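Subject: The structure I promised you

Hi,

Here is the structure for you to look through. Open it first, then read my notes below with the model beside you.

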Amino acid sequence: MVANRVVVVTGGASGIGLGVSKMFAAKGHPVAVLDVQEEALEREGDTLRAQGARILTRKVDVSDRNSIEATYAAVREELGPIAIVVANAGISEGIRFQDVTVETWQRMVDINLTGVFHTVQAALPDMIDANWGRIITISSQAAQSGAADRAHYSAAKAGVIGLTRALAREFAGQGITVNTIPPSVVATPMAEAGIAAGTFPPLEVIAQHIPIPRPGTPDDIAAACEYLASDGASYVTGQVLAVNGGMFIG
Ligand SMILES: NC(=O)c1ccc[n+]([C@@H]2O[C@H](COP(=O)([O-])OP(=O)(O)OC[C@H]3O[C@@H](n4cnc5c(N)ncnc54)[C@H](O)[C@@H]3O)[C@@H](O)[C@H]2O)c1
């Protein structure tokens with residue numbers, strides 16, 4: 001991978017996004033790590049900077065377009081034009097469909113789907129100018145197989161897959177690839193929160209149902225991001241790259 005390409009990772013202060021940010025930083029890329037968790041951002045940003053990485057951290061809510069635009073202006077100013085975007089920020093919650101309120105539904109769609117729209121659309125001018133870009137969205141197996149008590153989450157993530165495929169076709173002629181990774185079970189604070197709330201089985205129980213019998217790690221997802229962002233993946237677009245231990249094969 002050519003180093004020095006500016007990377008944006010949303011939801012980069014925790015779990016998968018943090019693993020992806022660490023990977024790109026270790027490969028020599030300047031990384032803008034965006035998240036709503038200010039303390040975690042500063043802590044993780046300081047750790048990466050101490051290792052010599054060029055890191056910009058910003059508190060950003062991906063559902064707020066103005067906040068994304070203002071942050072991207074700072075990214076361009078401090079790091080340079082955006083070349084690689086990993087639209088990873090997301091929320092999840094287990095809730096029976098009958099209990100999903102209009103507000104709950106709207107918040108899920110605002111963050112998990114419209115947040116990806118903002119994150120990607122605002123970065124595209126740089127990629128179009130450069131005639132090169134890599135967009136990776138993080139969707140979910142919930143969009144592929146469905147997930148009980150996660151109808152709003154599954155629907156928003158299915159939207160992310162549809163958005164990814166449409167953009168792949170629209171920008172294929174401009175050196176920009178657009179792919180999605182739908183994790184199944186990755187050991188992160190999100191998974192831990194689901195287990196603590198009783199809406200997600202313990203990881204060791206789920207692992208028994210995964211052909212490769214372990215939960216995924218942020219590093220597993222980061223390795224796929226490294227590939228999709230590489231020059232070697234210039235002929236790969238519109239794909240759903242399921243990094244999931246074989247849990248869903250489709
Ligand atoms: N962990 C899994 O098993 C799993 C499975 C399928 C899909 N995913 C997806 O992977 C992505 C990362 O999840 P994770 O497991 O690392 O969870 P996580 O909770 O550890 O990390 C998600 C990060 O996104 C941030 N975030 C939440 N809302 C935000 C907003 N509005 N603006 C900016 N940042 C925001 C959080 O603060 C957090 O740091 C999510 O999109 C999630 O839906 C995870």
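Let's start in the middle of the sheet: Val85 stands opposite Ile135 in β5. Before you go on, keep in mind that this is a predicted model.

**Strand β5 and its partners**

That pair belongs to a longer match, since β4 (residues 82–87) and β5 are paired in the parallel sense over four bridges. On the β6 side, Ile135 stands opposite Val178. A little further along, Ile136 has Asn179 as its bridge partner in β6. In total, six bridges join β5 (residues 133–138) to β6, and these two strands run parallel as well. If pairing is new to you, strands of a sheet pair through backbone hydrogen bonds, either parallel or antiparallel.

How many of the six residues of β5 are buried? Six of the six are, so the strand is largely enclosed by the rest of the structure. Try looking along it: Gly133, Ile135 and Thr137 point one way, while Arg134, Ile136 and Ile138 point the other way. Both sets are buried, including the arginine.

**The whole sheet**

Now zoom out. The sheet is open and has six strands, in the order β3-β2-β1-β4-β5-β6, with parallel pairing. Which strands sit at the edges? They are β3 (55–59) and β6 (176–181), and each of them pairs on one side only. From one strand to the next, the twist averages 15 degrees.

Helix α7 (residues 151–171) lies across β5 and β6, and runs at about 160 degrees to β6.

**A tyrosine in α7**

Tyr153 is a good residue to click on in helix α7. Is it buried or exposed? The cut-off for buried is 20 or more other C-beta atoms within 10 Å, and Tyr153 has 23, so it counts as buried. Leaving aside its neighbours within four places in sequence, Tyr153 is in contact with Ser92, Met108, Asn112, Ala142 and Ala147. Also have a look at Trp105: it is 48 residues from Tyr153 along the chain, yet their C-alpha atoms are separated by 8.5 Å.

**Two loop residues with positive phi**

Next, two backbone angles to check. Asn131 has a phi near 55 degrees, which is a positive value in a residue other than glycine. You'll find Asn131 in the loop between α5 (124–130) and β5. With 10 other C-beta atoms within 10 Å, Asn131 is exposed.

Asp149 is the other one, with phi near 65 degrees, again a positive value in a residue other than glycine. Its loop is the one between α6 (142–145) and α7. Asp149 has 16 other C-beta atoms within 10 Å, so it is partly exposed.

**An alanine in α10**

Over in helix α10 (residues 218–228) you can pick out Ala224. With 18 C-beta neighbours inside 10 Å, Ala224 counts as partly exposed. Which residues is Ala224 in contact with, leaving aside its neighbours within four places in sequence? They are Ile181, Leu241 and Val243. Ala242 is 18 residues from Ala224 in sequence, and the two are 9.2 Å apart in space, C-alpha to C-alpha.

**Around the ligand**

There is a ligand in the model, and 30 residues surround it; the closest are Gly11, Ser14, Gly15, Gly90 and Met190. The elements that give two or more residues to this shell are α1 (15–26), α4 (102–121) and α8 (189–196). As for the kinds of residue in the shell, 15 are nonpolar, 13 are polar and two are charged.

**The chain as a whole**

Finally, the big picture. The secondary structure comes to ten helices and six strands. The radius of gyration is 17 Å, close to the 18 Å that the globule rule gives for 250 residues, so the chain is as compact as a globular protein of that length. Its C-alpha atoms fill a box of roughly 45 × 40 × 40 Å, taken along the principal axes. Buried residues make up 45% of the 250 in the chain. Of the contacts with a separation of 6 or more, 72% are between residues 24 or more positions apart.

Happy clicking!

Key: Residues numbered from 1 in each chain as written. Predicted model: local features only at pLDDT ≥ 70, side-chain atom pairs only at ≥ 80, totals over all residues. Near = placed C-beta within 6 Å. Nonpolar A, V, L, I, M, F, W, Y, C, P; charged D, E, K, R; others polar. Pairing = 2+ DSSP bridges. Axes fitted to C-alpha atoms, helices over the stretch in contact; angles between N-to-C directions. Contact = placed C-beta atoms within 7 Å. Rg over C-alpha atoms; globule rule 2.2 N^0.38 Å. Buried ≥ 20, exposed ≤ 12 C-beta atoms within 10 Å, placed from the backbone.
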